[in-house]
Amino acid sequence: MDRECELTGRIMKGIAGFYYVNVEDDGVYECHAVGIFRKDKQKPLVGDLVKIRVLDSKKREGSLVGICKRSTALIRPEVANVDQALIVFAQIFPEPNLILLDKFLIMMVEHEIECVICFNKQDIAKDSKREELLNIYSGCGVKVITISALEAQGLQQIRELLKNKFTVLAGPSGVGKSTLINHLCPQAKMETGEISKKMERGKHTTRHSELFYLDKGTYLMDTPGFTAFSLMDMPENTIKNYYPEFYPYEGKCKYQECSHIHEPKCAVKDAVQMGAISRIRYEGYLTIYEEQKNRRKY
């Protein structure tokens with residue numbers, strides 16, 4: 001048994017009460033959390049920077065004894081200290097659920113996490129579909145890229161975006177996230193899922209949140225696929241604040257507190273009519289607004 005020492009590392013995954021902590025330049029330790037966390041009602045999260053006490057360096061065993069201050073914390077997925085989100089959707093098969101994508105964007109902006117939208121499967125999508133998606137999100141305030149994970153097209157730009165950051169990979173099942181991770185982190189050996197042609201939904205190949213170490217200071221986290229998503233109790237009158245396309249027109253509407261829905265002489269609605277704001281993005285805003293309004297009633 002080694003003389004006890006403390007190290008700082010990052011939680012890569014947590015399973016059945018064990019936490020697997022990566023200490024850069026030293027490797028991964030299997031750790032139990034000490035009782036003080038339960039007493040203080042603290043839950044270690046994947047992504048947490050933690051202090052561990054080494055119990056046996058040969059067996060790579062330790063105790064998790066402290067959690068460093070978090071810069072960010074998400075509820076779904078439960079993860080801490082994310083620098084950016086790579087939101088992956090397929091261009092086709094399955095057809096992208098843009099309402100779900102917009103909800104991801106809102107959640108990340110709410111938590112002040114930078115985003116990149118990645119539309120995969122450009123190898124099987126028509127150029128017109130790619131251009132349509134790029135046009136829809138051209139004013140959304142985040143970087144938008146297109147790739148083919150299957151044919152390894154566009155992966156170098158993703159590697160550059162990931163450098164020296166902790167990135168969470170988000171998106172529904174069946175869009176190619178596991179295939180993408182297999183390219184970026186071959187040691188992960190992710191199971192790739194087949195798409196159900198009947199349902200156009202992927203099998204849930206990821207069963208728990210797990211962090212992958214790509215290079216010094218560079219981490220990538222995969223999460224279970226989402227087919228539904230909720231913004232919880234976010235007030236409907238705040239949803240407009242998450243649409244950068246609306247910003248140039250704020251203050252130009254007839255009514256100061258314009259919701260950009262029913263009011264006359266609305267600059268945002270006029271911009272939609274003129275094509276300056278994507279009609280699909282605007283219609284998505286209307287849908288999410290109504291969802292949040294109805295949620296508040298119950």
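Accessible areas were computed by the Shrake-Rupley method with a 1.4 Å probe. On this basis, the chain exposes about 15,700 Å². Carbon and sulfur atoms supply 50% of that area. The model is a predicted one.

The chain comprises 298 residues, of which 46% count as buried. Its secondary structure consists of 7 helices and 15 strands. Contacts between residues with a separation of 6 or more were also examined. Of these, 66% join residues 24 or more positions apart.

Helix 2 covers residues 98–110. Its 13 residues should span 18 Å at 1.5 Å a residue, and the end C-alpha atoms are 18 Å apart, so the expected and modelled spans agree. The N-terminal end of helix 2 is capped by N97. A side-chain oxygen of N97 lies 3.2 Å from the backbone nitrogen of I99. Just after the helix, E112 adopts a positive phi of about 60 degrees.

Helix 2 is mostly covered, with 10 of its 13 residues buried. The buried set begins with L98, L100 and L101. It continues with D102, K103, F104, L105, I106, M107 and M108. The charged residues D102 and K103 are thus listed as buried along with leucines such as L105. In an α-helix there are 3.6 residues a turn, so residues three or four places apart point the same way.

Cysteines were considered next. A search of the whole structure finds 0 disulfides. C266 is accordingly in no disulfide. The nearest cysteine sulfur to that of C266 belongs to C258, 3.7 Å away. The cut-off for a disulfide is a sulfur pair within 2.5 Å, so a separation of 3.7 Å does not qualify. C266 counts as buried because its relative accessibility is 1%, under the 20% limit. C185 has a relative accessible area of 1%, and therefore is buried.

A buried polar residue was examined in strand 2. This strand spans residues 18–23 and contains N22. The relative accessible area of N22 is 6%, so N22 is buried. The side chain of N22 makes a polar contact of 3.2 Å with the side chain of Y219. Residues up to four places away in sequence were set aside in listing the neighbours of N22. N22 then touches G9, R10 and M12, together with G27 and V28. Y213 and Y219 complete the list of residues that N22 touches. Y219 therefore appears both as a neighbour of the buried N22 and as its polar partner.

Key: Residues are numbered from 1 along each chain as its sequence is written. This is a predicted model: local features need pLDDT of at least 70, side-chain atom pairs count only at pLDDT 80 or more; totals for chains, interfaces and linings use all residues. Side-chain values use heavy atoms; hydrogens and water are left out. Helices (H or I, at least four residues) and strands (E, at least two) are DSSP runs, numbered from the N terminus. The expected span of a helix is 1.5 Å times one less than its number of residues. Buried means under 20% relative accessible area, exposed over 50%, partly exposed in between (1.4 Å probe, protein chains only). A polar contact is a pair of N or O atoms within 3.5 Å; within protein, one must be able to donate a hydrogen and the other to accept it, and residues adjacent in sequence count only if both atoms are side-chain atoms. Contact means heavy atoms within 4.5 Å.
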